[in-house]
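Colleague: Please take one part of this model and describe it closely, starting from a single residue and working outwards to the elements around it. I should like each term explained where it is first used.

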Amino acid sequence: MRTRTVLGLRATALAAALTLALAAGPLAAPALAESAPATAYVAGPDAKALRAAITGLPNADATAALVRVGGKGPDWHGSAGVRDLASGRAADPDGRFRAGSTTKVVTAAVVLQLAAEGDVDLGRPVREYLPDLIPAAYEGVTVRQLLDHTSGIPAPDLPGDTFEEVYAHRFDLHTAREMVASATAKEPEFAPGTGQHYLNIGYTVLEVLIEQVTGQSYEREAARRIFGPLGMRDTYLPGSDPEIRGPHNHGYQAVPRADGTTELRDVTVWGTTDTGAAGSMISTTADLERLLTALFRGRVVPEPQLTEMFTLPAGVPGATMSAGLQRHVTADGTELWGKSGGRWGYNTIVVGTRDLSRTLVYSVNSTDAKGYDMNPVAGRIIEAAFRR
């Protein structure tokens with residue numbers, strides 16, 4: 001059994017690569033967080049650059065891409081690639097996909113709603129809500145620290161080191177409580193509130209917390225509080241079902257063969273009980289765009305709880321993650337807030353300016369969606385979407 005901290009490392013690397021791409025191209029240096037915010041976007045996106053960014057799919061980097069850019073001026077929607085390699089049919093622009101860690105935006109929103117209703121205190125130790133699950137070694141961890149990845153709780157143990165080993169366990173069933181118990185049996189990575197390490201585990205604890213406080217399943221609360229009210233009809237949490245229900249584009253992973261060639265293995269059917277409230281959501285670009293705009297307009301989480309989503313933890317060097325979102329600053333000083341996600345075969349992003357003058361949602365069927373580097377197709381989309 002290995003500790004799946006590599007997933008946190010990959011997410012951190014993806015975030016760093018995203019910042020690099022948002023800094024205006026693959027050779028640009030990341031902008032300083034202290035840069036003054038640039039003025040809002042006042043015109044529509046560069047349609048020609050966006051079309052060029054997804055031209056030529058499928059290729060070695062991705063088999064499909066679905067893109068929506070909104071804000072000031074006309075919106076831009078585009079798709080490229082194939083629904084599946086066997087048929088070669090054009091990618092479904094409305095297809096569902098695995099949205100990965102963008103699920104955390106929904107989970108954070110549910111917790112913040114509960115805080116607004118007085119059922120959860122963000123500054124209260126989570127052990128007071130879950131005394132039978134959280135051991136004394138983590139008695140100082142607060143709900144807020146779970147939300148912004150400053151808890152110091154390490155990752156749980158999950159099987160597999162190589163892709164083939166992980167693939168062999170793709171249908172394993174996990175429970176949130178089992179994973180929390182595995183993680184909290186270890187020593188803390190750091191004292192709560194003194195560092196930030198992006199991992200799924202904080203949101204796995206929050207899944208249990210939501211169920212404890214509401215007396216309902218996490219899936220029901222997400223549907224009742226978020227998906228239903230926002231009209232996200234193509235979004236759902238699959239539970240133990242490894243399939244993607246409804247129209248969808250297949251995901252593939254590039255796997256080296258012994259003879260030096262590469263197999264593009266279909267990884268569409270894959271269980272997600274290892275991520276749950278941290279990364280199991282299935283959605284569409286239209287639904288995620290609806291979530292992003294409603295959230296930023298204050299229609300999902302009320303003030304003052306919404307401020308938590310746009311506030312970085314104080315006194316934590318290098319922190320970029322807030323409650324459910326991540327902050328990026330482009331080379332021209334534009335501040336962006338959003339969330340990326342990756343499941344085998346699928347990379348997703350929801351990101352925009354705070355004033356919604358420019359937003360981007362994409363699903364890229366990356367052939368190395370869990371890789372350390374930014375997917376080239378995704379990088380081109382980001383650069384084109386935020387070009388002035």
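Modeller: I begin with Ser 322, which has 0% relative accessibility and therefore counts as buried (buried means under 20% relative accessible area, exposed over 50%, and partly exposed in between, with a 1.4 Å probe and protein chains only). The model is a predicted one, in which local features need pLDDT of at least 70 and side-chain atom pairs count only at pLDDT 80 or more, while totals for chains, interfaces and linings use all residues. Residues are numbered from 1 along each chain as its sequence is written, and side-chain values use heavy atoms, with hydrogens and water left out.

Ser 322 belongs to the loop between α9 and β9; helices (H or I, at least four residues) and strands (E, at least two) are DSSP runs, numbered from the N terminus. Apart from its neighbours within four places in sequence, Ser 322 is in contact with Leu 147, Asp 148, Glu 308, Met 309, Phe 310, Thr 311, Leu 312 and Trp 337, where contact means heavy atoms within 4.5 Å.

On one side of this loop is α9, which covers residues 285-296. At 1.5 Å a residue, its 12 residues should span 16 Å, and the end C-alpha atoms are 17 Å apart, which agrees; the expected span is 1.5 Å times one less than the number of residues. Because 10 of the 12 residues of α9 are buried, the helix is largely enclosed by the rest of the structure. Among these buried residues are Asp 287 and Glu 289, together with Leu 288, Leu 291, Leu 292, Leu 295 and Phe 296. Just after α9, Gly 298 takes a positive phi of about 80°.

On the other side of the loop is β9, which comprises residues 326-329 and is an edge strand. It belongs to an open sheet of six strands in the order β3-β2-β12-β11-β10-β9, with antiparallel pairing; two strands pair if DSSP finds at least two bridges between them. The other edge strand is β3 (76-81), and each edge strand pairs on one side only. From one strand to the next, the twist averages 15°. For such angles, axes are lines fitted to C-alpha atoms, for helices over the stretch in contact, and the angles run from 0 to 180 degrees between N-to-C directions. Helix α10 (residues 376-385) packs on the sheet and touches β2, β11 (346-353) and β12 (358-366), its direction making about 165° with that of β12.

Within the sheet, β11 merits particular attention. Eight of its eight residues are buried. Both faces of the strand are covered: Tyr 346, Thr 348, Val 350 and Gly 352 are buried on one side, and Asn 347, Ile 349, Val 351 and Thr 353 on the other.

The pairing of β11 with its two partners can be followed residue by residue. Strand β10 (residues 335-343) runs antiparallel to β11 and is joined to it by eight bridges. Gly 341 has Thr 348 of β11 as its bridge partner. The two strands form a hairpin with two residues between them, and Gly 345 in the turn has a positive phi of about 90°. With β12, β11 pairs in the antiparallel sense over six bridges, and Val 350 stands opposite Val 361 of β12. Four residues lie between the strands in this second hairpin, where Leu 356 takes a positive phi near 60°.

At the β3 edge, strand β2 (residues 62-71) pairs with β3 in the antiparallel sense over six bridges. There, Leu 66 stands opposite Ser 79 of β3.

A separate hairpin is formed by β6 (residues 252-256) and β7 (residues 262-266), which pair in the antiparallel sense over five bridges. Ala 254 has Leu 264 of β7 as its bridge partner. Five residues separate these strands, and Gly 260 takes a positive phi near 95°.

For the wider setting, the protein chain comes to 10 helices and 12 strands. Of its 388 residues, 58% count as buried. Among contacts between residues at least 6 apart in sequence, 71% join residues at least 24 apart.
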